[in-house]
Amino acid sequence: GTAGTPALKGTLVSNVILDRPRITGRAPAGAASEVTGDHLIWFVGQDNEGSAAAPTYSTDIRIIRPRLRQCQRSAIYLEYCDGVEIDHPDIEGVQYAGIEGLSTHNVKITTPNIRNVTPGGAGGNAYGITWGRQVNASTTLTTHPPSKNWTINGGQIDNIPTWEGIDTHGGWGAEITGVNVTRCGIPINITRDKNATTEINAPKNITVTGCYFESTGTFRNACANLIGAGDGTAATTYDFAEGIVFVGNTLKFGGDYLDNTGRNGAIYMRNTRGAIVENNTIIQPWDNGVCLEFQNIGFSVKNNTIIDAKSNNNTIPCGVRVRDQHNTGEVGPNTMLRTNAALATYVQLYGTRIDTNTNNDIFYTTGYNTSLSGDSVAGYTKGKPGRVEFGTVSATTSVAASQIDVAVTFGRTFTSAPTVVVGSNLAGYLSGSEAFIVSALSVSTSGFTMRFTNANGTTFNADGETMNASWTAGGV
């Protein structure tokens with residue numbers, strides 16, 4: 001057929017079943033030669049941008065065991081669709097994407113087999129499965145809403161060396177389970193989208209479990225990106241990537257094999273809130289196993305096993321690295337293993353490295369660690385100055401008529417004595433006559449003694465009064 005004409009197209013359709021379609025289109029013609037509309041299967045609703053209204057959807061579409069070969073855009077293209085099932089798609093040799101969805105909701109993809117996708121443009125973009133929305137200077141989240149509620153269960157995506165296996169730009173709601181993604185530049189990319197040049201829409205509520213991700217090992221990006229919308233600095237987030245759960249996956253390689261700054265890794269995170277990165281196994285990443293750059297709030301990175309982070313240029317490859325400021329969350333315990341020093345010039349110098357404690361609040365716990373130099377955590381091993389620690393009053397001792405010492409035991413033991421800051425001028429109650437000055441004394445790894453002194457210099461009244469005191473403790 002004519003270039004740019006799909007083999008099958010449905011517009012504003014409902015209740016459609018395609019059973020075992022077999023379609024071969026035009027062979028890809030090389031980079032920068034993709035043809036708009038050159039899909040094998042194309043379902044679309046209606047764009048209502050002119051009236052600033054939400055789109056009208058095609059609905060209830062089922063594509064069963066399609067065998068699709070060769071085209072110069074996407075094998076299956078969905079735009080403004082709601083309720084799509086794609087069962088056992090077998091897709092090979094297309095130019096831009098195996099499956100592409102824009103403003104399309106409630107999509108279930110079961111056991112895909114997508115391979116050998118080549119780039120459509122000069123920039124190298126190519127995808128196994130990608131979903132998001134159409135973005136330009138005139139689109140809004142109403143006229144072109146984020147794609148919502150995608151499920152990918154099982155299957156294989158292989159050999160997309162120039163770009164990404166699984167990708168969402170600003171998708172809301174997804175479950176990706178048990179997928180093997182191999183020989184891809186970036187096996188999975190969970191990231192924001194833009195209107196023109198402004199980042200406005202971040203991914204939400206995406207769960208990735210039980211998958212295997214392996215990059216080419218010679219691509220300058222992560223094995224898994226978890227990225228929200230910001231201005232590209234440590235100071236500003238426009239829209240956090242929220243509800244990201246990345247648990248129980250295995251990742252091999254990833255990171256920037258030419259980098260010398262340490263700003264990459266198998267898992268790369270920025271502008272996230274509430275991300276859970278736990279129980280993953282990361283094997284031989286470039287730069288770092290997990291790199292938290294900036295504006296990651298309320299994260300949990302723990303119970304991961306990271307083996308042989310390496311670099312030939314970055315002198316301090318790490319298992320987990322907090323690279324910049326404005327990060328608040330929990331790191332560790334993780335298992336850090338240096339097993340093969342011959343892999344690269346530098347192999348897993350540190351298990352965990354926190355580059356700075358400026359504008360960071362990291363609750364850090366060490367784990368089993370055979371990295372060359374242990375951990376480097378910018379002055380803290382468990383907790384940091386500013387983190388509230390709880391304790392129990394274990395004893396009180398009268399020092400003088402106007403002074404009393406109160407011993408406090410921490411709820412856990414620090415590696416070395418922390419810094420303790422307590423309140424001052426705490427007013428007594430009931431008697432109404434005392435005003436107490438508080439100081440910290442004899443700080444140890446397990447607790448401290450806090451002295452209350454009556455600022456009036458008079459004797460404490462034995463009237464059963466109650467005093468309020470607070471403190472913070474941070475570890476070194």
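Me: A strand is a DSSP run of E, at least two residues long, and strands are numbered from the N terminus. In which strand is T397 found?

Reply: The model is a predicted one. In it, T397 is found in strand β41, which covers residues 391-400.

Me: Is T397 buried, exposed or partly exposed?

Reply: The intermediate class runs between the cut-offs of 20% and 50% relative accessible area. T397 counts as partly exposed because its relative accessibility is 45%. Leaving aside neighbours within four places in sequence, T397 is in contact with I404 and D405.

Me: How far apart are T397 and T449 in sequence and in space?

Reply: Separation along the chain and separation in space are read independently. T397 and T449 are 52 residues apart in sequence, while their C-alpha atoms lie 9.9 Å apart.

Me: What share of the contacts in the whole chain joins residues 24 or more positions apart?

Reply: Among contacts with a separation of 6 or more, residues 24 or more positions apart account for 70%. The secondary structure of the chain comes to 47 strands and 0 helices.

Me: How should one read the pairing of strands, and which strands does β11 join?

Reply: Pairing is read from bridges and from the direction in which the strands run. Strand β11 (residues 105-110) runs parallel to strand β8 (residues 81-87), and 5 bridges join them. β11 also pairs with strand β14 (residues 148-153), again in the parallel sense, over 4 bridges. One residue can be followed across these pairings: K108 in β11 is the bridge partner of E85, and the bridge partner of K108 in β14 is T151.

Me: How is a residue in a loop to be described, for instance S376?

Reply: One states the flanking strands and then the contacts. S376 lies in the loop between β40 (361-364) and β41 (391-400). Its side chain makes a polar contact with the side chain of R353, at 3.4 Å. Beyond four places in sequence, S376 is in contact with Y350, T352, R353 and I354.

Me: What does one look for in the interior, and which residues have the most contacts inside the largest nonpolar core?

Reply: In soluble globular proteins, nonpolar side chains tend to be buried together. Here, 52% of the 476 residues count as buried. The largest nonpolar core has 70 residues, and those with the most contacts inside it are F43, F246, I267 and M269. Strand β17 (residues 180-191) gives the most to this core, with 4 residues. Another core, of 6 residues, lies apart from it and includes V406, V408, F448 and M450. As for M269, the residues it touches beyond four places in sequence include L226, V290, C291, F294 and F299.

Me: What area does the chain expose, and how much of it do carbon and sulfur atoms supply?

Reply: The chain exposes about 18,100 Å², of which carbon and sulfur atoms supply 49%.

Me: How many disulfides are there, and why is C291 in no bond with C318?

Reply: A disulfide is a covalent bond between the sulfur atoms of two cysteines. The count here comes to 0 disulfides. C184 is in none, as the nearest cysteine sulfur, that of C223, is 9.2 Å away. The cut-off is 2.5 Å between sulfur atoms. The closest cysteine sulfur to that of C291 is in C318, and because the distance is 9.0 Å, it is too far for a bond. C184 counts as buried, at 0% relative accessibility, and C291 counts as buried, also at 0%.

Me: Which backbone angles deserve attention, and where is a cis peptide bond found?

Reply: Most residues other than glycine have a negative phi, and most peptide bonds are trans. The bond from G332 to P333 is cis, with omega near 5°. P333 has its place in the loop between β36 (327-331) and β37 (335-337).

Me: Are N15 and Y80, which have positive phi values, buried or exposed?

Reply: N15 has a phi near 55° and is found in strand β2 (residues 14-19). N15 is exposed, with a relative accessible area of 64%. Y80 has a phi near 60° and sits in the loop between β7 (74-79) and β8. At 3% relative accessibility, Y80 counts as buried.

Terms used:
Residues numbered from 1 in each chain as written. Predicted model: local features only at pLDDT ≥ 70, side-chain atom pairs only at ≥ 80, totals over all residues. Heavy atoms only, no water. Pairing = 2+ DSSP bridges. Polar contact = N/O pair within 3.5 Å; in protein donor to acceptor, adjacent residues only side chain to side chain. Contact = heavy atoms within 4.5 Å. Buried < 20%, exposed > 50% of the residue type's maximum accessible area, 1.4 Å probe, protein only. Areas by Shrake-Rupley, 256 points an atom, 1.4 Å probe, with all protein chains shown as cover. Core = buried A, V, L, I, M, F, W, Y, C linked by side-chain atoms within 4.5 Å.
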